[in-house]
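Me: Got a model open here and I'd like to go through it with you, one question at a time. Keep it casual, but show me how you get to each answer.

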Amino acid sequence: PLDADDSNALACEQLGATVLRANAHQRNALELAGIRHADAIIAATGSDAQNLEIGLSAAEAARGRSGDPLKIVAEMRSDWLMDNLLNHRTAVLGGAETEFQIFNLRADAARALLRSPAFERTFMRAGQNPHVVLAGTGALAVEVARRAICSNFAFPGMKLTVSAVGR
């Protein structure tokens with residue numbers, strides 16, 4: 001039975017998803033959820049360590065799998081951890097039965113926003129020194145500012161300035 005206070009679980013159930021009250025780190029819970037015939041597993045618990053642990057448990061459960069590899073997609077919120085996992089010379093994620101991918105939702109959202117046609121047109125019209133005002137200083141706003149300033153949109157001589165308004 002679902003916890004009546006777990007609104008996310010209830011929302012998933014209302015959308016038609018089967019919701020299991022179990023520990024996703026445990027192989028038997030993943031097997032009960034159907035990991036053996038799944039095409040993908042997305043680990044997005046809010047904890048980098050838990051997401052990695054779930055991914056490794058899913059890889060273990062996928063051993064002996066035939067057909068297409070299980071796609072394991074794990075969210076990493078820590079830039080440091082993500083860079084170390086992706087760039088370590090001995091890091092091997094995935095194998096014959098699994099394809100392991102890591103994503104950072106804030107970085108992906110910031111990249112998509114800055115690459116959007118409307119945003120690019122705005123900066124082309126702004127001339128040499130475009131200015132952006134961020135309303136809010138949350139994690140996504142900081143990531144957008146960081147990516148915008150670091151990339152400078154690859155236009156020579158362009159200097160972006162950013163102001164943030166927040167509490």
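Me: Is Glu31 buried, partly exposed or exposed?
Reply: Keep in mind that this is a predicted model. Buried would need under 20% relative accessible area and exposed over 50%. Glu31 comes in at 35%, so the label is partly exposed.

Me: Which residue in helix α2 lies 4 residues from Glu31, and how far apart are the closest N and O atoms of their salt bridge?
Reply: Helix α2 covers residues 27-32, and the residue about one turn of the helix away from Glu31 is Arg27. Arg27 is partly exposed as well, at 31%. The two form a salt bridge, and its closest N and O atoms are 2.9 Å apart.

Me: Which residue of helix α3 forms a salt bridge with Arg27?
Reply: This pair links distant parts of the chain, 33 residues apart, with one end in helix α2 and the other in helix α3. The closest N and O atoms are 3.7 Å apart, which fits within the 4 Å cut-off. The α3 partner is partly exposed at 38%. That residue is Glu60.

Me: Which strands does the salt bridge between Glu99 and Lys71 tie together?
Reply: The side chains of Glu99 and Lys71 meet at 3.4 Å, N to O. Glu99 is partly exposed at 33%, and Lys71 is partly exposed at 30%. The residues are 28 apart in sequence, so the pair ties together separate parts of the chain: strands β3 and β2.

Me: Which residues do salt bridges with shared partners join into one network?
Reply: The whole model has 8 salt bridges. Arg27 takes part in one with Glu31 and in another with Glu60. Add Arg36 and you have the network: Arg27, Glu31, Arg36 and Glu60.

Me: How many residues of strand β2 are buried?
Reply: Strand β2 runs over residues 70-75 and pairs in the parallel sense with β1 over 4 bridges. It also pairs with β3, again in the parallel sense, over 6 bridges. The strand is largely enclosed by the rest of the structure, because the buried count is 5 of the 6 residues.

Me: What is the handedness of the crossover from β1 to β2?
Reply: In the pairing of these strands, Ile41 has Ile72 of β2 as its bridge partner. Between β1 and β2 the chain passes through helix α3, residues 48-61, and this β-α-β crossover is right-handed.

Me: Is Thr98 buried or exposed?
Reply: Thr98 lies in strand β3, residues 98-103. Among its contacts beyond four places in sequence are Ala59, Pro69 and Ile72. Its relative accessibility is 8%, and the cut-off is under 20%, so Thr98 counts as buried.

Me: Which element gives the most residues to the largest nonpolar core?
Reply: In soluble globular proteins, nonpolar side chains tend to be buried together. Here the largest nonpolar core has 18 residues, and Ala58 and Leu70 are among those with the most contacts inside it. Elements giving two or more residues are β1, α3, β2, α4 and β3. The top contributor, with 4 residues, is α3.

Me: Which residues does Ala58 touch, leaving out those up to four places away in sequence?
Reply: Ala58 is one of the residues with the most contacts inside the largest core. Heavy atoms within 4.5 Å make a contact. On that basis the list is Leu30, Ile35, Ile41, Leu70 and Ile72.

Conventions
Residues are numbered from 1 along each chain as its sequence is written. This is a predicted model: local features need pLDDT of at least 70, side-chain atom pairs count only at pLDDT 80 or more; totals for chains, interfaces and linings use all residues. Side-chain values use heavy atoms; hydrogens and water are left out. Buried means under 20% relative accessible area, exposed over 50%, partly exposed in between (1.4 Å probe, protein chains only). Two strands pair if DSSP finds at least two bridges between them. A crossover is right-handed if, with the strands pointing away from the viewer, the path from the first strand over the helix to the second runs clockwise. A nonpolar core is a set of buried Ala, Val, Leu, Ile, Met, Phe, Trp, Tyr and Cys residues joined through side-chain atoms within 4.5 Å.
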